[in-house]
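User: Please take a close look at one part of this model for me. Which residues line the largest cavity?

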Amino acid sequence: MEDLKRTYLHRCKEAQLEPQETVLVRLQQCRGSQCCCLDLSGQNLSAETCSVLALTLQDHTMFSEIKLNDCMLSEEGAKAFLTGLFDNLTIKVLDLKGNNLKSTGGEMLGQLLSHNKTLQRLVLEWNALGVWPESFSLFCDGLASNTGLKHLDLRNNQINHAGVAELARALRRNCCLEVLDLRWNNIGLLGGRVLLEAVQKNTTILQLELAGNNIPSDTLKAIEQTTGRNSDRHATMRQSQNKTRVLTAEIQNLKQDKDRQLQSLMETIDRQREEMGSSSRSTSFQIGQLHEALNERKSAVKSLTAKVQMLEAALALCEQKNHNLGEMVSQSNSVRDEERERWNREKKTLKESSFARDEKLHREIQNLTETNNQLRNKVEEMERRCKSSQQQVFELKQELTNSTAELKLRLAQAEDRLDLEKHRSKQALEEMRTLRQKEVEHVTKHLEESERVFQERLLKLEAQRVQLEEELSRVKAACVTERAQAEEDLARLRTQMRLEEQENMSSMEEKLRSARASLQEVQLHSSQQKHTISELKAKNSQLTMETSGLQRRIEELQKEVLGKDQERVAEVSKVKVELQEQMGHLQAERTSQAGLREKISALEREMKVLSGNHREALLDKESELASYKEKLRLKEAEMERMREDEAHRATCLQNAILAYVQGSPLSNYGSPKK
């Protein structure tokens, strides 16, 4: 920022004006002390100096107060200086005492008041604004349109009853002026009445000084009463505004608490949604693993069935070879006995194998029954967990009831405060009603938006819950179908084994019958086959070795099949346990969501109760406002009667007072000497 003195010198140089030394000294003092007041009192300022000073003040916005007392400004100087203050946004106090401002000064002051909205105090003592009615009328027009001036000093300005009429017209339109000083003017009785009417219609005038104006005492008392009422109204307005600020702060705190609670609820809902998504993903992954394990098991069972079929074919070939060997060996009696013993041993082994298969099937059935019992135990555990979750829901409901009771207590306290506030804020009900209506509308809009958002989120959560329930039902159906398929496979295997045993027994009996029938033929050919017995015995030994190796292989395969079945059963049981745990987690989440929905519904009910209480309070205040309006109407009727009485009483003295006022000089009537 440029130096203030340098700016003033530069402006003087542009205007080809010699700078005043006293003005330079005052500007230097202001710069050195860093003050906000420019005091040029008692300086003789020319018109050019005033214009340069106005331009300097436009460049520097550091002053909030300007004093030009007893500077005897000329018309051109006052015009130039006041024109430079039109767009100034920092000056709040302007003191022009004792400058003999007349017509042009009054017009420029009116324009200043109409343009400038930051000026708050204007001192015009010891001027002559009332001598020029037209300029004073323009000054009053500017005062009427002004919205920032609060203190106006018009002492010793030779204002008569006509000027007071213009000033009263301005006061009827002005809504910001609080202090007006009209001491030592020529107002008189008529001016006092006009001022009384204006002050009765103006609600912002708090102080009106009228000493030394020859106004009757009753009129002064009436004006004092009206200004006192205005001051009381202003005080009550300030109190009500302070109280409304406190109430709005409390309401905002409550809103912030509710917003924080809602935010925490939404965060918990989001966390639960994420947990549900992760659990659903893990369940889908585990279900895929189960499907893969089942497919592998099916392929293993298919491969085992193929191996069993191959072994059965090999056994059939071996039996055919043994049958051929029996036919050959049956040519002799010794071979026949050996063949009978061998067939008996084979029968015993087949019976033992059948018994072993039956025992294996019984063991599998026992394992399945044990798994069913385990599943039942898990179902009972799930029921116990559900009961515990129901207990938690009951505890949450109790907490909600406690919180609702606390909120009701707070509401009761707030209502008691409102009842206490009603008796103190009787005359500020209109402004309070508008503010409360705006607040209620804002709160209702916010509540409607929050309700809409909560409903949308609840719908989304319901859709997710339905999807999870459908997935659970599908998983349960898949488990049930797998269990039914396993039972069907077991039954089918049992029937197949029984049929195979029956077929083997029938085939063995047929072989025995054919062997008995062929014994006679063998006896006939025994003489011819003695030569080949040695070769057949060697082949028989080889075949017995092969059959023993095949039997050992069959036993090993059976052991492998049993081990794989046990592993599959363990995996299936493990997966079922995991599924039960996940179902328990999902049930707990579902109960927690139900608790959250109950909390949301309780909060909505509380908000509805609050809105109802606000509406009731507004209705009560409207009824009180109507009663106050009726009282004001009655008081106005009384005031009208008092005015009529005063008018009747004043008719007797009117002629004498008018003659006295017209006969007195305007320059020094009722004003002290300077």
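Analyst: Of the contacts (heavy atoms within 4.5 Å) between residues at least 6 apart in sequence, 86% join residues at least 24 apart. This is a predicted model, where local features need pLDDT of at least 70 and side-chain atom pairs pLDDT 80 or more, while totals for chains, interfaces and linings use all residues. Numbering runs from 1 along each chain as its sequence is written, and side-chain values use heavy atoms, without hydrogens and water.

The protein has 674 residues, 32% of them buried (under 20% relative accessible area, 1.4 Å probe, protein chains only). Its secondary structure comes to 13 helices and seven strands (DSSP runs of H or I, at least four residues, and of E, at least two, numbered from the N terminus).

Now to your cavity, a set of points on a 1 Å grid over the protein atoms alone where a 1.4 Å probe fits but cannot get out. There are six cavities of 30 Å³ or more, and the largest holds about 120 Å³ of space, the volume being that filled by probe spheres set on the points, which are joined across faces, edges and corners.

Its lining (residues with an atom within 4 Å of a point) takes in Ser279, Ser280, Thr283 and Ile287, then Leu468, Glu471, Leu472 and Val475, and finally Leu579, Gln582, Met583 and Leu586. Helices α9 (217-329), α11 (429-529) and α12 (533-650) are the elements that each give two or more residues to this lining. By class, seven of the lining residues are nonpolar, four polar and one charged; here Asp, Glu, Lys and Arg count as charged, Ala, Val, Leu, Ile, Met, Phe, Trp, Tyr, Cys and Pro as nonpolar, and the others, Gly among them, as polar.

Conventions. 1 Å grid on protein atoms, 1.4 Å probe; cavity = no way out; pocket = protein on both sides within 12 Å on 5 of 7 lines; lining within 4 Å. Buried < 20%, exposed > 50% of the residue type's maximum accessible area, 1.4 Å probe, protein only.
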